[in-house]
Amino acid sequence: MTLPRILFLIAVVTFSVCLYVHEQVSKVILLYEIQHYQKERVVLDDTHDVLRYQVSALQSPRSLESLLAKRNVLLDLPADHKVVRVAMRERKEPLPTKQKNFLEIFSTTKVAEAGSR
């Protein structure tokens, strides 16, 4: 074998080893991100449960009646000209996109991205 062939072979082997190491590092980083998001989801689920309980407690007629009775509040229905009706509209925000570097183009590890519709 000649010197250029040997150098080319060394370059190919080095490049393939670098790609393999990049894939392994990418997998580890992805696993840490998944773990972080799972912990964040647990915290958000707990907060959601607390808030649902608070909303249900506030929506119950008995608790509203007792609260109004304690404060001696008299309520009247508003006149039609004092009522403002607001229609709900959907927010259409573009999804954030992540820029890829050169090695991620050749990556076999793909990240699933969920978008809200």
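## Exercises on a three-helix model

Let's start with the surface: Met1, Leu3, Ile6, Leu7, Leu9, Ile10, Val13, Val17, Tyr20, Val21, Val25 and Ile29 make a nonpolar surface patch of about 1200 Å². Patches join residues with over 30% relative accessible area and no salt bridge, nonpolar side chains (Val, Leu, Ile, Met, Phe, Trp, Tyr) within 5 Å and like charges within 9 Å. Areas come from the Shrake-Rupley method with a 1.4 Å probe, and for residues only the protein chains shown count as cover.

This is a predicted model, where local features need pLDDT of at least 70, side-chain atom pairs count only at pLDDT 80 or more, and totals for chains, interfaces and linings use all residues. Residues are numbered from 1 along each chain as its sequence is written, and side-chain values use heavy atoms, with hydrogens and water left out.

**Exercise 1. Place Val13 and check its helix.**

Step 1: Val13 sits in helix α1 (residues 3-59). Helices are DSSP runs (H or I, at least four residues), as are strands (E, at least two), numbered from the N terminus.

Step 2: With a relative accessible area of 45%, Val13 is partly exposed. The scale is buried under 20%, exposed over 50%, and partly exposed in between (1.4 Å probe, protein chains only).

Step 3: The expected span is 1.5 Å times one less than the number of residues. For the 57 residues of α1 that gives 84 Å, and the end C-alpha atoms are 82 Å apart, which agrees.

Step 4: Now look for cover: His22, Glu23 and Leu30 are buried in α1.

**Exercise 2. Find the salt bridge and describe its partners.**

Step 1: The whole structure has 1 salt bridge, meaning a side-chain nitrogen of Lys or Arg within 4 Å of a carboxyl oxygen of Asp or Glu.

Step 2: The partners are Asp45 and Arg41, at 3.6 Å, N to O.

Step 3: Asp45 and Arg41 are 4 residues apart in α1, so about one helical turn separates them. An α-helix has 3.6 residues a turn, so residues three or four places apart point the same way.

Step 4: Arg41 is exposed at 57%, whereas Asp45 is partly exposed at 36%.

**Exercise 3. How many helices and strands are there, and which element has the lowest mean pLDDT?**

Step 1: Count 3 helices and 0 strands.

Step 2: Helix α2 (residues 61-71) has 0 of its 11 residues buried, so α2 lies largely in the open. Just after α2, Asn72 has a positive phi of about 55°.

Step 3: For mean pLDDT (the predictor's confidence in each residue, from 0 to 100), helix α3 (residues 102-105) is lowest at 66 and α1 highest at 93. Where pLDDT is low, the predicted coordinates should not be read in detail.
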